[in-house]
Amino acid sequence: VGPFCTFLTVMSNPSIFSPYFIGLLFAFTGVLSTAGLGFKYSFFTLLINLVIFEIAIGFLSPVPFMLFVLYNFFLISILLIFAYISYFIELISRKNYIVSAQLYDSLSQVRKLSGLLPLCASCKRIRDDKGYWKQIELYIRDHSEAEFSHGICPDCAKKLYSEFD
């Protein structure tokens, strides 16, 4: 798009500020705001467009000196502004990539139980997806990262071992 807009600018009246020159601005915006392209390649593409524009306006279709200075000031200003913006776009995208990778790793380590669990009212076993009844400890161990250690609560200790005060 950049060289196309450059040649349209050259083919138009060279002594006015061409509307195609604004098209070149949009081409630069597109090149430098493409985060996936990377700063180095975006900046290199922008420099190539700038060189093509300089050759076309400076040699192929010369313009008055003041207009040439105005074009150069405008394009170099755009180049610096968009290079600055492009650098921060790439920096932010890299940070987002790192954070999203860390989040993905964290989420892959988390296993949680959800939904309704069919629990026997008498023996407190849970029915699994295949229809088998398992002890609650085995079911939770198989469907989460939890580990069990057994003990006796004070109420059960009194009920089961009342003779050992």
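**Exercise 1. Decide whether Leu 91 is buried, exposed or partly exposed, and place it in the structure.**

Leu 91 has a relative accessibility of 32% and therefore counts as partly exposed, since buried means under 20% relative accessible area, exposed means over 50%, and partly exposed lies in between, with a 1.4 Å probe and protein chains only. The model is a predicted one, in which local features need pLDDT of at least 70 and side-chain atom pairs count only at pLDDT 80 or more, while totals for chains, interfaces and linings use all residues. Residues are numbered from 1 along each chain as its sequence is written, and side-chain values use heavy atoms, with hydrogens and water left out.

As the next step, locate Leu 91 in helix α4, where helices (H or I, at least four residues) and strands (E, at least two) are DSSP runs numbered from the N terminus. Finally, Leu 91 belongs to a nonpolar surface patch together with Ile 81, Tyr 84, Ile 85, Tyr 87, Phe 88 and Ile 92, and the accessible area of this patch is about 660 Å². Patches consist of residues with over 30% relative accessible area and no salt bridge, like charges being joined within 9 Å and nonpolar side chains (Val, Leu, Ile, Met, Phe, Trp, Tyr) within 5 Å. A salt bridge is a side-chain nitrogen of Lys or Arg within 4 Å of a carboxyl oxygen of Asp or Glu, and accessible areas come from the Shrake-Rupley method with a 1.4 Å probe, only the protein chains shown counting as cover for residues.

**Exercise 2. Describe the overall order of helices and strands, and find which residues make up the largest nonpolar core.**

Begin with the count, which is 6 helices and 2 strands, and then read along the sequence to obtain the pattern α-α-α-α-β-β-α-α. The largest nonpolar core has 9 residues, namely Leu 46, Leu 50, Phe 53, Ile 57, Val 63, Leu 67, Tyr 71, Leu 75 and Leu 79. Helices α3 (39-60) and α4 (65-109) each supply at least two residues of this core. Such a core is a set of buried Ala, Val, Leu, Ile, Met, Phe, Trp, Tyr and Cys residues joined through side-chain atoms within 4.5 Å.

For the protein as a whole, buried residues make up 24% of the 165 residues, and the accessible surface comes to about 12,100 Å², of which 67% belongs to carbon and sulfur atoms. Of the contacts (heavy atoms within 4.5 Å) with a separation of 6 or more, 54% are between residues 24 or more positions apart.

**Exercise 3. Work out what Leu 119 and Cys 120 touch, and what is unusual about the phi of Lys 124.**

Leu 119 lies in the loop between α4 and β1, and Cys 120 lies in that loop too, with β1 spanning 126-127. Leaving out residues up to four places away in sequence, Leu 119 touches Lys 124, Arg 125, Ile 126, Trp 133 and Ile 136, while Cys 120 touches Arg 125 and Trp 133. The C-alpha atoms of Leu 119 and Gln 135 are 16 residues apart along the chain and 9.8 Å apart in space; for Cys 120 and Lys 134, 14 residues apart in sequence, the C-alpha separation is 10.0 Å. Leu 119, at 46% relative accessible area, is partly exposed, and Cys 120, at 22%, is partly exposed.

Lys 124 also sits in the loop between α4 and β1, and its phi is near 65 degrees, a positive value in a residue other than glycine. Most residues other than glycine have a negative phi.

**Exercise 4. Determine how many disulfides the structure holds, and explain why Cys 156 is not bonded to Cys 153.**

The number of disulfides is 0, a disulfide being a pair of cysteine sulfur atoms within 2.5 Å. Cys 123 is in no disulfide, and the nearest cysteine sulfur, that of Cys 120, is 3.5 Å away. For Cys 156, the closest cysteine sulfur is that of Cys 153 at 3.5 Å, which is too far for a bond. Cys 123 is partly exposed at 46% relative accessibility, and Cys 156 is partly exposed at 33%.
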